[in-house]
Structure formats: C-alpha cells, structure tokens
Amino acid sequence: MGEAEGKKDEADYKRLQTFPLVRHSDIPEEMRVETMELCVMACEKFSNNNESAAKMIKETLDKKFGEGFGFEITHEVKNLLYLYFRGTLAVCMWKCS
C-alpha cells in the first residue's frame with residue numbers, strides 16, 4: 001500500500017468517526033445530551049491535548065451538576081495496563097481486588 005493510499009484510508013476512517021458513540025449510560029437523558037455536547041466541544045477545542053479536554057469537561061460538569069465528577073480504578077498491584085494504540089484509541093485493563 002502506497003503512502004497516498006494510507007493517508008486516504010486514514011482520512012476515510014476519521015470521517016466515519018465524526019459522532020459520539022455511547023457504549024453505556026445510566027444518567028438522565030437531558031444530562032446525557034448536555035454531557036455529550038460538552039465532550040464533543042472539549043475534544044474539538046483541545047484536539048491535540050487530551051488532558052486539557054478532560055480538565056474542561058470535569059470543571060464544567062462540577063460547576064453545572066456539583067463537584068465529584070472523576071474516575072477512579074481500584075486494582076490489584078501489578079495488574080494494570082493503560083495503553084494508546086494508533087493515537088486514537090486508549091485501552092485501560094485492570095484486575096479488580
């Protein structure tokens with residue numbers, strides 16, 4: 001596969017990934033819609049800085065819905081893997097205690 005063909009395939013893939021895909025949600029519909037819009041806006045605004053996007057999302061949700069938004073994983077020591085693949089996918093794997 002040539003370099004031009006590889007870039008075309010990547011552009012096609014990015015074009016397909018232009019909408020958020022919710023795998024699971026248990027929050028109220030109105031809050032889910034607002035949160036999805038915020039996530040898309042933050043990821044577009046900080047497309048080259050995931051930490052800044054995450055900070056914007058957390059701070060906005062804390063202000064709008066009350067402090068406490070975050071994510072914590074409890075795992076057994078030496079049983080955690082967090083990796084990035086192809087620059088667009090993050091995988092976190094852990095074994096619970």
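Modeller: Let's start with a term: a salt bridge is a side-chain nitrogen of Lys or Arg within 4 Å of a carboxyl oxygen of Asp or Glu. What you see above is a predicted model, where local features need pLDDT of at least 70, side-chain atom pairs count only at pLDDT 80 or more, and totals for chains, interfaces and linings use all residues. Residues are numbered from 1 along each chain as its sequence is written, and side-chain values use heavy atoms, with hydrogens and water left out.

Colleague: Thanks! In what order do the elements of the protein run from the N terminus on?

Modeller: Helices (H or I, at least four residues) and strands (E, at least two) are DSSP runs, numbered from the N terminus. The protein has three helices and two strands. Read from the N terminus, the order is α-α-α-β-β.

Colleague: What percentage of the 97 residues in the protein is buried?

Modeller: Each residue is sorted by its relative accessible area: buried means under 20%, exposed over 50%, and partly exposed in between (1.4 Å probe, protein chains only). Counted over the 97 residues of the protein, the buried share is 9%.

Colleague: How many salt bridges does the rule give?

Modeller: One of them pairs Glu29 with Arg32, and another joins Lys64 and Glu34. Glu76 and Lys95 also meet in a salt bridge, at 3.9 Å from N to O. By the rule given at the start, the count comes to four.

Colleague: How far apart are the closest N and O atoms of Glu29 and Arg32?

Modeller: Both residues sit in helix α2 (residues 29-45), and because they are three residues apart, about one helical turn separates them. Arg32 is partly exposed, with a relative accessible area of 22%. In the salt bridge of Glu29 and Arg32, the closest N and O atoms are apart by 2.8 Å.

Colleague: How many residues apart in sequence are the parts that Lys64 and Glu34 tie together?

Modeller: The side chains of Lys64 and Glu34 meet in a salt bridge of 3.1 Å, N to O. Lys64 belongs to helix α3 (residues 50-65) and Glu34 to helix α2, so the pair links parts whose separation in sequence is 30 residues.

Colleague: And for Glu76 and Lys95, how many residues apart are the parts they tie together?

Modeller: Glu76 is partly exposed at 29% relative accessible area, and Lys95 is partly exposed at 45%. Glu76 lies in the loop between α3 and β1 (80-85), and Lys95 in the segment after β2 (89-94), so this pair ties together parts whose separation in sequence is 19 residues.

Colleague: Let's look inside. Which helix gives the most to the largest nonpolar core?

Modeller: A nonpolar core is a set of buried Ala, Val, Leu, Ile, Met, Phe, Trp, Tyr and Cys residues joined through side-chain atoms within 4.5 Å. The largest one here has six residues: Leu38, Ala42, Ala53, Met56, Ile57 and Leu61. Helices α2 and α3 each supply at least two of them. With four residues, the top contributor is α3.

Colleague: Why might such side chains gather like that?

Modeller: There is a general tendency to keep in mind. In soluble globular proteins, nonpolar side chains tend to be buried together.

Colleague: Which residues does Met31 touch, not counting those up to four places away in sequence?

Modeller: Met31 lies in helix α2 and counts as buried, at 17% relative accessibility. Its C-alpha is 9.0 Å from that of Phe65, a residue 34 positions apart in sequence. Contact means heavy atoms within 4.5 Å, and beyond those sequence neighbours Met31 touches Phe65 and Phe69.

Colleague: Is Asp62 buried or exposed?

Modeller: Asp62 is found in helix α3. Leaving aside neighbours within four places in sequence, Asp62 is in contact with Glu67, Gly68 and Phe69. Its relative accessibility is 14%, which means that Asp62 counts as buried.

Colleague: Last one: which strands each supply at least two residues of the nonpolar patch?

Modeller: Patches are made of residues with over 30% relative accessible area and no salt bridge, with like charges joined within 9 Å and nonpolar side chains (Val, Leu, Ile, Met, Phe, Trp, Tyr) within 5 Å. Leu81, Leu83, Phe85, Leu89, Val91 and Met93 form the nonpolar patch on the surface, with about 490 Å² of accessible area together (Shrake-Rupley method with a 1.4 Å probe; for residues, only the protein chains shown count as cover). Leu81, for instance, is partly exposed at 40% relative accessibility. The strands that each supply at least two residues are β1 and β2.
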